[in-house]
Amino acid sequence: MTVKLLQQFDGQLLLKILNTLKDPIWIIENNGNVLWVNQAADDFFSIGELIGQNVFKMEKQGLFSPSIARLVIEQKRFISTAQITQNNVHLLVSGDYIPDENGDIQYIVTHARQLSQAINQSSELEKVESILQLYKQQIRELILQRNQQDENFYVGKSKAAQSISLWSQKIADFDTTILLSGETGVGKTAFAYRIHQLSSRNNKPFIHLDCGAIPEPLIESELFGYKKGAFTGANANGKLGLIAAADQGTLFLDEIGEFPLHLQSKLLQFLQNKNYRMIGDNHVQQADVRIIAATNVNLMERVKEGTFRKDLFYRLNILPMKIPPLRERKEDIIPLLNFYLSKFNQKYGRQHSLSKNIMDTLYNYIWEGNIRELENLMERLVITSAGPKIDIDDLPSDFPLQQSQQILLQNVEEVSLPLYLEQIEKSILIKTYNETNSTWKTAKKLGVSQSYIIRRLKKFNLRISGKELVEE
């Protein structure tokens with residue numbers, strides 16, 4: 001059964017973490033079968049193998065009363081209550097559930113502590129609930145990792161990518177507005193959806209509105225909706241806006257810098273009070289919506305120009321997150337190439353691979369369009385390449401090949417020669433290791449000893465993470 005859990009969640013690290021806790025932790029399927037327990041649960045009950053048993057039957061047998069999993073299933077909410085075991089031990093037990101894509105209960109997670117210990121801490125109930133929320137978010141993260149191909153999203157192993165990934169996990173369960181910034185194509189939409197999926201709203205709607213793609217006269221009706229007969233040409237039955245469609249979920253306002261100035265006060269009112277008026281309606285509507293906004297422009301510059309309200313900017317900028325361009329996280333280029341190669345090979349039924357020459361070329365290329373440009377190029381190469389191995393000759397005729405081949409020569413005057421050579425060596429080392437996944441093969445390919453490679457890894461503060469080299 002433990003193997004089954006690992007296959008479902010790919011969560012070896014999480015299980016190790018849970019096993020270090022001294023409080024019993026149970027993960028239970030919606031039919032009552034025990035999927036996994038930590039070592040503390042095994043030690044506490046000492047009745048043999050718990051995994052695979054059914055908690056409903058255990059409750060009837062008097063092992064404990066009541067069953068928290070049963071109460072969670074019956075009431076479909078967080079439960080925290082006292083429980084008595086067959087040995088007359090009083091426990092404070094809390095339980096909550098992980099929903100499936102339809103919002104139905106898929107798993108129940110329970111946490112127990114002796115009631116005497118809980119009473120000694122006045123804030124214990126809040127702490128227990130907080131712990132459970134953390135477990136739920138970690139499990140959601142593991143599910144996202146398992147379904148990474150389905151989510152069409154690759155986080156990356158670079159420092160920058162890992163930093164924003166960790167930040168998105170930290171802020172996901174807070175309903176405060178988030179402002180994503182970054183150049184075109186860095187993946188703002190993907191990160192917005194990732195935050196939604198990591199949040200407690202993950203089984204509710206995620207609505208995307210591109211403020212720059214909708215004509216200004218239409219954006220108010222799209223966002224707020226309108227009542228029957230609100231204006232000439234309106235739908236005879238009226239129309240619900242995207243705010244209403246996103247109720248209980250997340251509304252992603254992409255390219256918020258293009259939002260019309262005359263409507264910004266209405267958006268600000270909604271952000272402050274969660275209420276709004278449909279066009280042609282005097283009644284105030286309410287919606288429980290989490291707002292994530294994104295921009296590729298400097299909003300403070302727009303504020304200075306008078307095209308963006310300062311109070312709206314501060315309301316949006318409570319939790320800012322800047323997504324770095326691909327050129328600032330070059331360690332992610334090769335993994336991204338392989339990620340999208342695999343994706344489009346599967347989509348189009350191909351078995352292409354990338355030659356060393358084209359890998360070198362694309363690694364050194366400055367991706368001005370960032371991940372979107374890389375993704376589009378890989379799809380084009382998979383579709384148009386004739387042979388099984390994609391090479392430089394397969395690149396489009398308009399691809400700036402000269403730029404990528406000469407990139408190593410730029411900025412040479414800006415640093416000392418020894419430092420510049422070290423940068424080149426570090427780049428070659430990372431690229432070669434990520435191709436071979438072995439220090440021995442890397443050494444053989446580069447014509448040096450394995451001990452030399454190990455010394456260089458230490459010098460350049462590189463470590464092996466999975467099958468890739470990443471910076472400390």
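Helix 16 (residues 333–348) comes out at the length one would expect: its 16 residues should span 22 Å at 1.5 Å a residue, and the end C-alpha atoms are indeed 22 Å apart. The expected span here is 1.5 Å times one less than the number of residues. Helices (H or I, at least four residues) and strands (E, at least two) are DSSP runs, numbered from the N terminus. This is a predicted model, in which local features need pLDDT of at least 70 and side-chain atom pairs count only at pLDDT 80 or more, while totals for chains, interfaces and linings use all residues. Residues are numbered from 1 along each chain as its sequence is written, and side-chain values use heavy atoms, with hydrogens and water left out.

Buried residues of helix 16 include Ile-333, Leu-336, Phe-339, Tyr-340, Lys-343 and Phe-344; buried means under 20% relative accessible area, exposed over 50%, and partly exposed in between (1.4 Å probe, protein chains only). Phe-339, Tyr-340 and Phe-344 also join Tyr-348 in one aromatic cluster. Right after the helix comes Gly-349, with a positive phi near 65°.

On to the aromatic pairs. A pair of aromatic rings is described by the distance of the centres and the angle of the planes. Rings of Phe, Tyr and Trp (its six-membered ring) pair if their centres lie within 6.5 Å; planes under 30 degrees apart count as stacked, over 60 as edge-to-face and the rest as tilted. Searching the whole structure turns up 11 aromatic pairs. Phe-206 and Phe-252 make a stacked one, since their ring centres are 6.1 Å apart and their planes sit at 20°. Phe-206 belongs to strand 8 (residues 206–210) and Phe-252 to strand 11 (residues 250–254), so this pair ties together parts that are 46 residues apart in sequence. Phe-252 is buried, at 0% relative accessibility.

Tyr-365 and Phe-399 make a tilted pair, because the planes are at 45°, with the ring centres 4.7 Å apart. This pair links distant parts of the chain, 34 residues apart: Tyr-365 is in the loop between helix 17 (356–364) and helix 18 (370–384), and Phe-399 is in the loop between strand 17 (389–390) and helix 19 (401–406). Tyr-365 is buried at 7% relative accessibility, and Phe-399 is buried too, at 11%.

Charges over rings show up as well. The criterion is NZ of Lys or CZ of Arg within 6 Å of the ring centre and within 35 degrees of the ring normal. Lys-266 lies over the face of Phe-224, at 4.4 Å from the ring centre, and the charged end of Lys-330 sits over the ring of Tyr-363, 4.6 Å from its centre.

Salt bridges (a side-chain nitrogen of Lys or Arg within 4 Å of a carboxyl oxygen of Asp or Glu) come to 14 in the count. Glu-59 and Arg-70 meet in one of them at 2.8 Å, N to O. That pair links distant parts of the chain, with Glu-59 in helix 4 (residues 55–60) and Arg-70 in helix 5 (residues 68–75), 11 residues apart. Glu-59 is buried, with a relative accessible area of 16%, whereas Arg-70 is partly exposed at 24%.

Lys-239 and Glu-222 form another salt bridge, at 2.6 Å, N to O. Here strand 10 (residues 239–240) supplies Lys-239 and helix 11 (residues 216–224) supplies Glu-222, 17 residues apart. Lys-239 is partly exposed at 29% relative accessible area, and Glu-222 is partly exposed at 24%.

The side chains of Glu-301 and Lys-304 also meet in a salt bridge, at 3.9 Å, N to O. These two are 3 residues apart in helix 14 (residues 299–305), so about one helical turn separates them. Glu-301 is partly exposed, at 37% relative accessible area, while Lys-304 counts as exposed at 64%. Elsewhere, salt bridges that share partners join Glu-59, Arg-70 and Glu-74 into one network.

Tyr-226, in strand 9 (residues 225–226), is buried at 8% relative accessible area. Tyr-226 and Asp-281 are 55 residues apart in sequence, yet 7.3 Å apart in space, C-alpha to C-alpha.
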